[in-house]
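Work through the exercises below with the structure in view. Try each task before reading its solution.

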Amino acid sequence: MALTNNVKVNAWLDEVIALVKPEKVELITGDQAQLDRLTAEAVSTGEFITLNQEKLPGCYLHRSDPTDVARVEARTFICSKKEEDAGPTNNWMDPEEMKAKLMKLYDGSMAGRTMYVLPYSMSVVGSPFAKYGIEVTDSIYVVISMNIMTRVGQPVLDALGTDGDFIKGLHAKKDLDPEERYIVQFPEENTIMSINSGYGGNVLLGKKCFALRIASYLGRQENWMAEHMLILGIENPQGEVRYVTAAFPSACGKTNLAMLIPPEGYRNKGYKVWCVGDDIAWLRVGEDGRLWAVNPENGFFGVAPGTSAKSNYNALAATRKNTLFTNVALDKSDMTVWWEGLNKTPPTNAEDWQGRPWNGETSTEKGAHPNSRFTAPAKNCPCISPEFENPKGVPVSAIIFGGRRAKTAPLVYQSRDWQHGVFVGSIMASETTAAATGAVGVLRRDPMAMRPFCGYHMGDYWQHWLDMGKLIPNQPKIFNVNWFRTDDEGNFIWPGFGDNMRVLEWILKRCFDEVDAQETPIGYEPYPTDINLEGTDVSLETLEDLLSVDKDLWMEDVANIEEFYKDFGDKLPAALKDELETLKKNLA
Ligand code: OXD
Ligand code: MN
């Protein structure tokens, strides 16, 4: 019997079933009873551990295989027909060759297992932004997580109708062999295939694979943008809300900025911050000529370590119910969760992220994996924006780029115009984090924070940014921030977290012509007295230091950018070459 009313979905499912040969097939309708049954099943097999249901109602702990704890960029592929369409920042393989390899791996991979068919929507079902996907998976962890991260079930099938198009996503856990692990996007075929992983970033196919890699490709065809950006609204004492988006590389504080609590002085005046999204923004030009943003997701897949009542009260609050934790420590004394940075009192009777006995007071090893995560419903967040579900999205006043730079980048600067802003995004660089496998703390160029997520040639992507600028009559202004400058002892100089509000205030004032700026070789910077330092212990001299531009360091950076740009050959837009020349001239 056909599983859905959509002929295209049914035809594809027939193919998949013939390939993976499951024992059973189950359609996920989104019914709570069904989700509860699957959760109970995961508990009975040990896939989930039930947490304290009084303190953490609806919360469970999941552990992924110790060899499978982060996105695997080396095993992530963009399989466009032509290699040059994937570009130098992506792994590529001929699509037919890749499929031949994958078909062997998928063949019979669900024998004796249940295959779940999960219809999901990125963005509110039926909205002008919405795009639909079907993920086939043999993992209950995926089903439950996707139900938190996206909108799933029958309403999606209803919206798809009898022959609507969708993104095909096929995930099989197989045997988690890291040597045969593949995360593959076929952008020209609206298809994603993931095998031999059970870690969120590799298997929740709506997120990075669809909402960034496939969507960035679609955005280029359809004149919109899919970006690795948080979206937040700042409400001023007059009740007016102004929105910014910000692109930072993985694990550089997007979730913290998106849920920021303004310093006391601001709160007393009536300032509020509203979170629209913490990781992904889809951007379209609105009828009014402004750029409008939605968060296509429905939940947060946040990094747990470092999240505390102090660093991010709102994120922590969001994880207190109906949340799935992955690879955090388990406090056996009351079946709650713990991670480094949660508080200063680690549990003594605990299990570490691998389930080994762990005493937080005496152990020299970490209790939680550095990339351990919480998967929490967006609506749990105390500062979730009233506009979160608005199908039109929110109008964007500023786009902010940023990274983790110990020295070069100042606290904040503004680009001279859109083209210069695209240049600023293209030269983004950051010290690597635990969100992807590989060495941590190494400087790498990460244009627009999209290096691991752009579904096509990065040179064409930059051109798309430049072209989009021409389609937006009322362009957002573009900025760069760096919260991570350090002193000679390696301590962060800027307090960060809630105090980042002080920088956001300046940024928004710039967008509405409410403050002047000084010209520097790299762009506009604040006059130090225009950043409100009241209530901090940052002195004006320290702020001046944070805003300083060291020309020697910047010339080193220019040399590094020149090397980096060489990889893009004749796909490097001339406008960006010009901008680099201008920067060089300004620094000389
Ligand atoms: C994420 C990432 O999980 O960027 O958001 O790795
Ligand atoms: Mn991310």
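At 11% relative accessibility, Asn236 counts as buried (under 20% relative accessible area is buried, over 50% exposed, in between partly exposed; 1.4 Å probe, protein chains only). This is a predicted model, in which local features need pLDDT of at least 70, side-chain atom pairs count only at pLDDT 80 or more, and totals for chains, interfaces and linings use all residues. Residues are numbered from 1 along each chain as its sequence is written, chains are lettered from A and ligands numbered from 1 in the order in which they are written, and side-chain values use heavy atoms, with hydrogens and water left out.

**Exercise 1. Place Asn236 and find its contacts.**

Step 1. Locate the residue. Asn236 lies in the loop between strand 12 and strand 13 (241-247). Helices (H or I, at least four residues) and strands (E, at least two) are DSSP runs, numbered from the N terminus.

Step 2. List the contacts, meaning heavy atoms within 4.5 Å. Neighbours within four places in sequence are set aside; Asn236 then contacts Gly270 and Tyr271.

Step 3. Check a separation. From Asn236 to Asp138 the C-alpha distance is 47 Å, with their positions 98 residues apart in sequence.

**Exercise 2. Do the same for Lys272.**

Step 1. Lys272 belongs to strand 14 (residues 272-277).

Step 2. Its relative accessibility is 40%, so Lys272 is partly exposed.

Step 3. Not counting residues up to four places away in sequence, Lys272 touches Gly233, Ile234, Glu235 and Pro262. Take Gly233: it is 39 residues from Lys272 in sequence, and 8.2 Å from it in space, C-alpha to C-alpha.

**Exercise 3. Which residues coordinate the manganese ion (ligand 2)?**

Step 1. Find the donors: N, O and S atoms within 2.8 Å of the metal (3.2 Å for Na, K and Ca). Water is not among the atoms, so sites may look incomplete.

Step 2. Name them. Lys208 (NZ), His228 (NE2) and Asp279 (OD) coordinate the ion, at 2.1 to 2.2 Å.

Step 3. Read the spacing in sequence: K-x19-H-x50-D. Lys208 and His228 link distant parts of the chain, 20 residues apart. Lys208 is in helix 7 (residues 206-222), while His228 is in the loop between strand 11 (225-227) and strand 12 (229-235).

Step 4. Check burial. Both Lys208 and His228 are buried.

**Exercise 4. Count the aromatic pairs and classify Phe210 with Trp282.**

Step 1. Apply the rule. Rings of Phe, Tyr and Trp (its six-membered ring) pair if their centres lie within 6.5 Å; planes under 30 degrees apart count as stacked, over 60 as edge-to-face and the rest as tilted.

Step 2. Count. There are 23 aromatic pairs.

Step 3. Classify. The ring centres of Phe210 and Trp282 are 6.2 Å apart and the planes meet at 45°, so this pair is tilted.

Step 4. Place the pair. Phe210 is in helix 7 and Trp282 in strand 15 (residues 281-285), 72 residues apart. Both Phe210 and Trp282 are buried.

Step 5. Look for a cluster. Ring pairs join Phe423, Trp462, Phe564, Tyr565 and Phe568.

**Exercise 5. Where does the largest nonpolar core lie?**

Step 1. Define it. A nonpolar core is a set of buried Ala, Val, Leu, Ile, Met, Phe, Trp, Tyr and Cys residues joined through side-chain atoms within 4.5 Å.

Step 2. Size it. The largest core has 91 residues. Trp282, Ile399 and Tyr461 are among those with the most contacts inside it.

Step 3. Place it. Domain 1 (7-30 + 72-222) and domain 2 (227-295 + 388-587) both give residues to this core, so it lies between them. The domain bounds come from an automatic or database domain assignment.

Step 4. Find another. A core of 66 residues lies apart from it, with Cys59, Ala329, Phe388 and Leu411 among its members.

**Exercise 6. Compare the settings of Lys21 and Asn327.**

Step 1. Lys21 is in the loop between helix 1 (7-20) and strand 1 (24-27). Its phi is near 50°, a positive value in a residue other than glycine.

Step 2. Asn327 is in the loop between strand 18 (324-326) and strand 19 (329-331). Its phi is near 65°, again positive in a residue other than glycine.

Step 3. Lys21 is partly exposed, with a relative accessible area of 42%. Asn327 is buried, at 1%.
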